[in-house]
Amino acid sequence: MPMGHTATEQAGSGGLTATEHRLANGLRVVLSEDHLTPVAAVCLWYDVGSRHEVKGRTGLAHLFEHLMFQGSAQVKGNGHFELVQGAGGSLNGTTSFERTNYFETMPAHELELALWLEADRMGSLLVALDEESLENQRDVVKNERRQRYDNVPYGTAFEKLTAMAYPEGHPYHHTPIGSMADLDAASLEDARAFFRTYYAPNNAVLSIVGDIDPEQTLAWVEKYFGSIPSHDGKQPPRDGSLPETIGDQLRTVVKEDVPSRALMAAYRLPQDGSREADAADLALTILGGGESSRLYNRLVRRDRSAVAAGFGLLRLAGAPSLGWLDVKTSGGTEVPAIEAAVDEELARFAEEGPTPEEMERAQAQLEREWLDRLATVSGRADELCRFAVLFGDPQLALTAVQRVLEISPLEVQAVAKARLRPDNRAVLVYEPTAQTDAAGTEEEEAAK
């Protein structure tokens, strides 16, 4: 078999291991044996997301996630779903700024079927791609946009904050969902060119985790994927680097039919893959990760000015990550009061740093989340792909827990002091429209 080097490494997460292989056509393959349960996870990451798109053609990466389930040379129509589910498996695909992934979890004895299906659509999707399937899925994506973004309370918050945090022309300025106008403008030739460029084996990582025989699995991978030609037309993604801080406080007020006032903000934070990103993750966990966090205790428990308060990290490898603050107010609380309380808590944290108890709790929380991910075959397959695609080394997935536990309280305090500041955020304030208030009053009157 025309395989390249094979490397095996013992890793630090409960003795989990992964081996790496490369086909002659450039496909990277990562295997991780786990005979605990008779299942196998197949995960395929393509190194293409919304950051690879160009102005006027946004949404193609996400559109392709849908087209990949619409049939290929050997598999007609909805056959991919039918075959996987008929064999007792589960499947899906997702699109982000930085990648598109496809995954199945199968009974171990059905692993070959999943590999054949993934290879068939990688190698022959264009045979089945026509105007009808493109039109069909274009409508599905537009409907998804309506359901998840345009017609739900606070639905466009992520899109608005992203556009503020990353300036016009930046590869992360637009979100993966794409715009209605761009989806309408995409032609069949645009779609075909996009597929040829990005859905090539040398632009993908395939991970297979679970109750597998590595030798047999590699033989199947070679049999089904080995003859798919590589493609050299891909341009590297545009540079996503930006200054460490925004340097200003950007602000947008949105008046919409929403249940309550909300304060949302995006802070520019260190890029994923760095110690500083892990320190930022711990800082946000202490400040807003769950009901034991500082902001929850202050706003929901003590002041009772909010019904929900959270702070999370959107990790990004090709641009600054985003610290995501989301507070929903209670009763008649005005947003400036919430904002003042948030700033007070952030300033105190920057000044004093975390307590030993907070560090211990946050590290335990992130450790548990990591180990939960790595304990499932699908979660581990996904993380192996992520670290292979974004950082060039799948083994980093198996030592991520250790890196979080090595972060010191001083590093957590330093990142909070440098980044969690009013001049480094995009702020989105939601104010309910008068119509909402009127509707609420009418409902109350009717209820009487």
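Is F391 buried, partly exposed or exposed? Select it first. This is a predicted model. F391 counts as partly exposed, because its relative accessibility is 26%.

**Stop 1: around F391**

Keep F391 selected and show helix α13, which spans residues 377-391. F391 belongs to that helix. Now add the contacts of F391 beyond four places in sequence: D272, G273, A317, R386 and L396. Look at G273 in particular. It lies 118 residues from F391 along the chain, yet the two C-alpha atoms are separated by 7.4 Å.

**Stop 2: the largest pocket**

Stay with R386, one of the contacts of F391. R386 also takes part in the lining of the largest pocket. Select R99, L313, L314 and R315 along with R386. These five lie nearest the pocket centre, out of 36 lining residues. The pocket has a volume of about 850 Å³.

Which elements should be coloured here? At least two lining residues come from each of α1 (60-67), β5 (90-95), α4 (131-150), α9, β10 (306-314), α12 and α13. Helix α12 supplies the largest share, 5 residues. Colour the lining by class next. It has 14 nonpolar, 9 polar and 13 charged residues.

**Stop 3: the cavity**

Follow α12 to a second empty space. How many cavities of 30 Å³ or more does the structure hold? There is 1. The largest cavity encloses about 60 Å³ of space.

Select its lining: T285, I286, G289, S292, S293, E358, R361, A362 and Q365. Helices α9 and α12 each give at least two of these residues. The most come from α12, with 4 residues. By class, the lining divides into 2 nonpolar, 5 polar and 2 charged residues.

**Stop 4: two cysteines**

Select C43 and C385. Their sulfur atoms are 3.8 Å apart, and C43 is in no disulfide. Nor is C385, whose nearest cysteine sulfur is that of C43. A disulfide requires sulfur atoms within 2.5 Å, so this pair does not qualify. How many disulfides does the whole structure have? The search finds 0.

Turn on the surface and check both residues. C43 counts as buried because its relative accessibility is 1%. C385 is buried as well, at 0%.

**Stop 5: helix α15**

Show residues 409-419, which form α15. Select V412, Q413, V415, A416 and R419, the buried residues of this helix. View down the helix axis. Why do these residues sit on the same side of α15? They cover an arc of only 165° around the axis, which means that they share one side.

Now add what covers them. The cover includes β9 (262-269), α9 (275-288), α11 (335-352), α12 (356-375) and β12 (424-432). Helices α9 and α12 appear here again, after the cavity lining.

**Stop 6: helix α5**

End at residues 157-165, helix α5. Select A157, E159, L161, T162, M164 and A165. These residues are buried. What do they pack against? Show α4, β8 (248-256), β9, β11 (321-329) and β12. Two of these elements, β9 and β12, are also among those that cover the buried residues of α15. Helix α4 is familiar too, from the lining of the largest pocket.

Note on methods. Residues are numbered from 1 along each chain as its sequence is written. This is a predicted model: local features need pLDDT of at least 70, side-chain atom pairs count only at pLDDT 80 or more; totals for chains, interfaces and linings use all residues. Side-chain values use heavy atoms; hydrogens and water are left out. Buried means under 20% relative accessible area, exposed over 50%, partly exposed in between (1.4 Å probe, protein chains only). Contact means heavy atoms within 4.5 Å. The arc is that of the directions from the helix axis to the C-beta atoms. On a 1 Å grid over the protein atoms alone, a cavity is a set of points where a 1.4 Å probe fits but cannot get out, and a pocket is an open set with protein on both sides within 12 Å along at least five of seven lines; lining residues have an atom within 4 Å of a point. Grid points are joined across faces, edges and corners, and a volume is the space filled by probe spheres set on the points. Ala, Val, Leu, Ile, Met, Phe, Trp, Tyr, Cys and Pro count as nonpolar, Asp, Glu, Lys and Arg as charged, and the others, Gly among them, as polar.
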